[in-house]
Amino acid sequence: MNPGIPVPPLLYGGIERIVYLLAEEYHKQGHQVTLLAGTGSHCSGTTITFGADNTKRSKVAGYKEILFVWKFLWRNHQKFDLIHNFGRLIYLLPVINKPAHKIMSYQREVSVKGIKLITSLPAKNLVFTGCSNYCVSTGNVSGKWATVYNAVNFSEYKLTEEFDEHAPLMFLGRLDKIKGLHTAIEVAKATSSKLWIGGNIPATADNYAYYKEIIEPQIDNIQIIYLGELNDRQKDNYLGKAKALLFPIEWDEPFGIVMIEAMACGTPVIGFDRGAVPEVVDEEVTGNVGTTKNQMIEAVGKLSTINRTACREHARDKFNIGRIAKTYLELTANNIGR
């Protein structure tokens, strides 16, 4: 895993959260696990840390990280049955033709150039995965590919079976323009609903300007309420009390873990038909998918038709960490010894 955010993350860090859940699940299933990740990381197995806990590292720092991983894998690859990489593809270069099984997992849009280059080399036991069919479609130009969805630990989220009709709507995620918070605010106002907003204020100049000019003036902490960046316990609390999670994205999101966090509380998701949303949300079971603000407003009016217990159960069958870990391990050509 790339350094920058510790595994598990304290606040924001979807990929780091998935890596931690998988490491813990592999360990729980009896496998010996070594986690190679940034400073501050830990798991129930062995943890090797490298790099710095800083998302704005220099190019020189990045080169040093690559050399560290190459040196570690070259010296230790014979100890592992499976090398599961959520970091840079180049990390696998020294062991790409070694017998150990290798899974290269993508959580973002894939660089086709990197896939063509790596698959042009002699390689053994290499499988690529994406976190949705959409994600796979961005990189599946050569090599063996599979879709493996993301997961949450459902035991960490409480089901809220009933909701008050006056309960707030919720938006959760980075407050970047492409996440569509401005649309969520418009939907809340059109339906006379409160809106809870959880997420970090963006650091990039264009998105910070968007926040200051478009979003902040509308936060009155009466109807439009900014909660700040939330930890896992706080997300469980607010998502469970919300009547729906709004996901009005303006880009092709490769997955959107917040959607299954909401479903784990029994809270349906109303999202726009972009990226992986139609794969994650099952119509009228775990939420609704539309393409316009008016369709989102209409869906808010139909929330009482969705059974929140069935919403959670359906999501648990599809996105529980035990199932997802098993799917990853089944991708290897042979059974992996313990």
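**Salt bridges around helix 7**

In this predicted model, a network of salt bridges ties together Arg17, Asp232, Lys235 and Glu261. Part of that network sits in helix 7, where the side chains of Lys235 and Asp232 come together at 3.5 Å, N to O. These two are three residues apart in the helix, so about one helical turn separates them. Lys235 is buried, as its relative accessible area is just 7%, whereas Asp232, at 25%, counts as partly exposed.

Helix 7 runs over residues 232-241, and its buried residues are Lys235, Asp236, Leu239 and Gly240. Because they cover an arc of only 115 degrees around the axis, they end up on the same side of helix 7. Their cover includes helix 1, strand 7 (169-172), strand 10 (244-247), helix 8 (257-264) and helix 11 (308-319). At the N-terminal end, Asn231 acts as a cap for helix 7, with a side-chain oxygen 3.1 Å from the backbone nitrogen of Arg233.

Across the structure there are 15 salt bridges. One of them pairs Lys179 with Glu253 at 3.0 Å, N to O. This pair links distant parts of the chain, 74 residues apart: Lys179 lies in the loop between strand 7 and helix 5 (181-190), and Glu253 in the loop between strand 10 and helix 8. Both Lys179 and Glu253 are buried. Another salt bridge joins Lys212 and Glu216, with the closest N and O atoms 2.8 Å apart. Here Lys212 is partly exposed at 34% relative accessibility, and Glu216 is partly exposed at 31%.

On the surface, Leu10, Leu11 and Tyr12 make up a nonpolar patch with about 320 Å² of accessible area together. Leu11 belongs to the segment before helix 1 (14-28).

Technical notes
Residues are numbered from 1 along each chain as its sequence is written. This is a predicted model: local features need pLDDT of at least 70, side-chain atom pairs count only at pLDDT 80 or more; totals for chains, interfaces and linings use all residues. Side-chain values use heavy atoms; hydrogens and water are left out. Patches are made of residues with over 30% relative accessible area and no salt bridge: like charges are joined within 9 Å, nonpolar side chains (Val, Leu, Ile, Met, Phe, Trp, Tyr) within 5 Å. Accessible areas come from the Shrake-Rupley method with a 1.4 Å probe; for residues, only the protein chains shown count as cover. A salt bridge is a side-chain nitrogen of Lys or Arg within 4 Å of a carboxyl oxygen of Asp or Glu. Helices (H or I, at least four residues) and strands (E, at least two) are DSSP runs, numbered from the N terminus. Buried means under 20% relative accessible area, exposed over 50%, partly exposed in between (1.4 Å probe, protein chains only). The arc is that of the directions from the helix axis to the C-beta atoms. Contact means heavy atoms within 4.5 Å. A polar contact is a pair of N or O atoms within 3.5 Å; within protein, one must be able to donate a hydrogen and the other to accept it, and residues adjacent in sequence count only if both atoms are side-chain atoms.
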